[in-house]
Structure formats: structure tokens, C-alpha cells
Amino acid sequence: MKVAVVGATGLVGTKILQVLVDRNFPVTELIPVASKSSVGKEISFKNNYIKVVDMEEAIAAKPAIAIFSAGGTTSLEWAPKFAAAGIRVIDNSSAWRMDPTKKLVVPEVNASVLTSEDYIIANPNCSTIQMVVALQPLHQKYKINRVVVSTYQSVTGTGKQAVDQLFSERIGEKLSADQMAYKYPIDLNVIPQIDVF
Ligand SMILES: NC(=O)c1ccc[n+]([C@@H]2O[C@H](COP(=O)([O-])OP(=O)(O)OC[C@H]3O[C@@H](n4cnc5c(N)ncnc54)[C@H](OP(=O)(O)O)[C@@H]3O)[C@@H](O)[C@H]2O)c1
């Protein structure tokens, strides 16, 4: 299977590449995609070095599926273009999660809702994914009416810029506003916000 990983240079994309290898996913050709600033960089996959391409090149290569983790804005703009070219998009961002025309899928829970008509498939936030896998059998047996949840998100959940901010603060480096992923210091801090309100 020809597979594009969009956001291949990011924290999530890097992990996706590793999981594809660990699970022995039948990748016949990998197409790593990132922003224009990463085009031409090489990423390592199964002992090969593969050049990062941009979105247009990825669509032209016609992968069977594209796994997106490049931020919500990028997904909103590009997932429909991939879908229009007949490429199935699995989107890890928040872009389509609340869109009633897209299915929100955790395979272990509701993969059966998918049909061949689905070209953009959303998945929930990571804390939701693992929680619903555990709740599904309880719901089937007892019918859950309400779930009260508190989550404590790690800095890594905000991406590589956030991790860089944390480590820079830890060694006392001064950062400019555009280098900061958060508006506030994050080292030894907790910020009561995730994503947009
Ligand atoms: N569903 C889940 O469980 C889950 C969990 C965590 C995160 N996420 C989501 O995954 C996404 C990525 O998170 P992350 O932590 O990996 O962030 P990250 O470390 O900042 O990586 C972002 C990736 O997106 C690429 N990118 C940014 N703008 C782009 C554009 N215009 N066109 C193409 N590629 C672009 C970046 O490329 P460059 O390196 O070239 O900048 C990089 O590869 C976010 O939407 C986040 O909400 C989902």
C-alpha cells in the first residue's frame, strides 16, 4: 500500500512512521510530507532515507491513504484536495472531529460505521481514544449515560515547538514571542487550556 504521512517531521508524524514499522504495515511506498521548509530533507524509514515532499507532490503520487498530523488548519485546507483525488485521509487533527458530515472513528470501537464513501476519516484526541476503548465494553453491558473527565495534557501534545520552549526555559534561555508555543512560561507551570476554547 502506498502511504503518505503528512506532518512526517513532527512529533506525531515521527511516531506514526515508527508504528507503521513496528506493526509491519504493508507499506510498498512511503511518501513523507511536511511544510515547504522541510521539503528535500530526508527521513529514515525501514533503513532507507526518503526525501520529504510537499502537498502537491504527495497528491500527484496518488497514495492509497494519507495519514494527516500537520495541524487543524492544514487539514482543513488539504484533506479535501487529497479526498478529491481519491486518496483516503485519516486525520489526527481537530479539524473534522465535530463535523457532522465526517465520521469520528476509533477502530476498536466503531470501525464498522465506515463505508467506501468515506474519504476523510477523523479520529479523536488521544485521551479520548484510549478512554473509549476501555468504556466501550462497559457501555455495551451497562449503558453509560455520562462520563466526567479531567485530563492533564503533556507539553509534547502541543508539538515540537512546545517541547523546545520547555527545554529552553529549563536552561534559562530567553525566547522571543514567535519562538514560544504558549503565551506563558511552561516549565514548572500548568496552563488551564488546550487547543482553542
Ligand atoms: N489524535 C491524536 O491522538 C493526536 C495527538 C497529538 C497531536 N495530534 C495532532 O497532530 C498534529 C501534529 O502534532 P505534532 O505534535 O506532531 O506537531 P509538530 O511536532 O509541531 O509537527 C507538525 C508537523 O506538521 C507539519 N506542517 C506544519 N504546517 C504544514 C503545512 N502547511 N503543510 C504541510 N505540513 C505542515 C510540520 O512540518 P515542518 O517540520 O516542515 O514544520 C510537522 O511535520 C496536530 O494537529 C495535533 O493536534 C493528534
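**Figure 1. The ligand and the polar side-chain atoms that approach it.** In this predicted model, a polar side-chain atom of K160 lies 2.6 Å from an oxygen atom of the ligand. An oxygen atom of the ligand is also found 2.5 Å from an N or O atom in the side chain of T9, while a nitrogen atom of the ligand sits 3.2 Å from an N or O atom in the side chain of N123. Taken alone, the ligand would expose 920 Å², and the protein buries 77% of that area. Two elements give two or more residues each to the shell around the ligand, namely helix 1, which covers residues 11-22, and helix 3, which covers residues 72-84.

**Figure 2. The shell of residues around the ligand.** In total, 25 residues surround the ligand, and the closest of these are T9, V12, S35, S38 and K160. When the shell is sorted by class, it is made up of eight nonpolar residues, 15 polar residues and two charged residues.

**Figure 3. An aromatic pair formed by F68 and F82.** A search of the whole structure finds one aromatic pair. Its partners are F68 and F82, whose ring centres are 5.0 Å apart and whose planes meet at 85°, an arrangement that is called edge-to-face. The pair links distant parts of the chain, since F68 belongs to strand 5 (residues 65-68) and F82 belongs to helix 3, with their positions 14 residues apart in the numbering. Are the two partners buried or exposed? Both F68 and F82 are buried.

**Figure 4. R88 and its surroundings in strand 6.** The residue R88 is placed in strand 6, which runs over residues 88-91. With a relative accessibility of 25%, R88 counts as partly exposed, because that value falls between the 20% limit for buried residues and the 50% limit for exposed ones. Although R88 and I65 are 23 residues apart along the chain, their C-alpha atoms are separated by 4.6 Å. Not counting residues up to four places away in sequence, R88 touches A64, I65 and A66, and it also touches T115, S116, E117, D118 and Y119. Two of the approaches made by the side chain of R88 can be described in detail: the side chain of R88 reaches the backbone oxygen of S116 at 2.9 Å, and it makes a polar contact with the side chain of Y119 at 3.3 Å.

**Figure 5. D118, a buried residue in a loop.** The residue D118 is found in the loop between helix 4 (107-110) and strand 8 (120-122). Its relative accessible area is 11%, and D118 therefore counts as buried, because the limit for that class is under 20%. Which side chain makes a polar contact with the side chain of D118? The partner is the side chain of K103, at 3.1 Å. Leaving out residues up to four places away in sequence, D118 touches R88, K103 and V113, so that R88, the subject of the previous view, appears again here among the residues touched by D118.

**Figure 6. Two residues with a positive phi, N24 and K143.** Most residues other than glycine have a negative phi. N24, which is not a glycine, nevertheless has a positive phi of about 55°, and K143, also a residue other than glycine, has a positive phi near 65°. The place of N24 is in the loop between helix 1 and strand 2 (29-33), whereas K143 lies in the loop between helix 5 (126-142) and helix 6. N24 counts as exposed at 59% relative accessibility, and K143 is exposed as well, with a relative accessible area of 55%.

**Figure 7. I50 in strand 4.** The residue I50 lies in strand 4, which spans residues 48-51. Leaving aside its neighbours within four places in sequence, I50 is in contact with L30, P32, K41, E42, I43 and F45. Y184 stands 134 residues away from I50 along the chain, and the C-alpha atoms of the two residues are separated by 37 Å.

**Figure 8. S168 in helix 6.** The residue S168 has its place in helix 6, which is formed by residues 160-170. With a relative accessible area of 12%, S168 is buried. When residues up to four places away in sequence are not counted, S168 touches E173 and L175.

Methods
Residues are numbered from 1 along each chain as its sequence is written. This is a predicted model: local features need pLDDT of at least 70, side-chain atom pairs count only at pLDDT 80 or more; totals for chains, interfaces and linings use all residues. Side-chain values use heavy atoms; hydrogens and water are left out. A residue is near a molecule or strand if one of its heavy atoms lies within 4 Å of it. A polar contact is a pair of N or O atoms within 3.5 Å; within protein, one must be able to donate a hydrogen and the other to accept it, and residues adjacent in sequence count only if both atoms are side-chain atoms. Accessible areas come from the Shrake-Rupley method with a 1.4 Å probe; for residues, only the protein chains shown count as cover. Helices (H or I, at least four residues) and strands (E, at least two) are DSSP runs, numbered from the N terminus. Ala, Val, Leu, Ile, Met, Phe, Trp, Tyr, Cys and Pro count as nonpolar, Asp, Glu, Lys and Arg as charged, and the others, Gly among them, as polar. Buried means under 20% relative accessible area, exposed over 50%, partly exposed in between (1.4 Å probe, protein chains only). Contact means heavy atoms within 4.5 Å. Rings of Phe, Tyr and Trp (its six-membered ring) pair if their centres lie within 6.5 Å; planes under 30 degrees apart count as stacked, over 60 as edge-to-face and the rest as tilted.
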